[in-house]
Amino acid sequence: MRAYHDLGGEPAGPIDQDEHELQLWEKRVEALLVLLRRRKLSTTDENRRGLESLGAETYFAATYAERRMLSMTNNLLLKGVISVEELAAKMAEIESREDQLP
């Protein structure tokens, strides 16, 4: 039985192969993943498992970077590296900023 994320060999229609420049937040997601691996707080297998456990609705509604960010966040919560309260407080602080991105 195939999982929702296993699309190999399935008809998918045309593929947009245009390159797009990554947004700053997308670059930050990739940088955070590298830092977490270097600090041994995350592994490739954990991130893959996180992607595969997002659920079909979330998986297909999210962009590539959003999926990676969700997986990373869920893994950090599960490991107790961050708490739900800390995450909520940081998100509220970020949302209250006048400038969302420097």
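In this predicted model, the side chains of arginine 48 and aspartate 45 meet in a salt bridge, with 3.2 Å from N to O; a salt bridge here is a side-chain nitrogen of Lys or Arg within 4 Å of a carboxyl oxygen of Asp or Glu. The whole structure holds five salt bridges and three aromatic pairs. Because the model is predicted, local features need pLDDT of at least 70 and side-chain atom pairs count only at pLDDT 80 or more, while totals for chains, interfaces and linings use all residues. Residues are numbered from 1 along each chain as its sequence is written, and side-chain values use heavy atoms, with hydrogens and water left out.

**Helix α2**

- Arginine 48 and aspartate 45 both belong to helix α2, three residues apart, about one turn of the helix; helices are DSSP runs of H or I with at least four residues, numbered from the N terminus.
- Arginine 48 is partly exposed at 42% relative accessibility, whereas aspartate 45 is exposed at 51% (buried means under 20% relative accessible area, exposed over 50%, partly exposed in between, with a 1.4 Å probe and protein chains only).
- Helix α2 spans residues 44-52, and Glu46, Asn47 and Gly50 are buried in it.
- Seen down the axis of α2, these buried residues fall within an arc of 100°, so they line one face of the helix; the arc is that of the directions from the helix axis to the C-beta atoms.
- The cover over the buried residues of α2 includes α1 and α4 (64-79), where contact means heavy atoms within 4.5 Å.

**Salt bridges around helix α5**

- Lysine 90 forms a salt bridge with glutamate 93, and their closest N and O atoms are 3.1 Å apart.
- Lysine 90 and glutamate 93 are separated by about one helical turn, because they stand three residues apart in helix α5 (residues 84-96).
- An α-helix has 3.6 residues a turn, so residues three or four places apart point the same way.
- Glutamate 93 also meets arginine 97 in a salt bridge, at 3.1 Å from N to O.
- Lys90, Glu93 and Arg97 are thus linked in a network of salt bridges.
- Each member of the network is partly exposed: lysine 90 at 45% relative accessibility, glutamate 93 at 32% and arginine 97 at 34%.

**Aromatic cluster**

- A pair of aromatic rings is described by the distance of the centres and the angle of the planes.
- Rings of Phe, Tyr and Trp (its six-membered ring) pair if their centres lie within 6.5 Å; planes under 30 degrees apart count as stacked, over 60 as edge-to-face and the rest as tilted.
- The structure holds three aromatic pairs; in one of them, the ring centres of tyrosine 4 and tyrosine 59 are 5.5 Å apart with planes at 70°, so the pair is edge-to-face.
- This pair links distant parts of the chain, 55 residues apart: tyrosine 4 lies in the segment before α1 (24-38) and tyrosine 59 in helix α3 (residues 56-61).
- Tyrosine 59 also pairs edge-to-face with phenylalanine 60, at 5.3 Å centre to centre and 85° between the planes.
- Tyr4, Tyr59 and Phe60 form one aromatic cluster.
- Within the cluster, tyrosine 59 is buried at 12% relative accessible area, while tyrosine 4 is partly exposed at 22% and phenylalanine 60 is partly exposed at 46%.
- Arginine 67 lies over the face of tyrosine 59, at 4.1 Å from the ring centre; a charge sits over a ring if NZ of Lys or CZ of Arg is within 6 Å of the ring centre and within 35 degrees of the ring normal.

Methods:
Helices (H or I, at least four residues) and strands (E, at least two) are DSSP runs, numbered from the N terminus.
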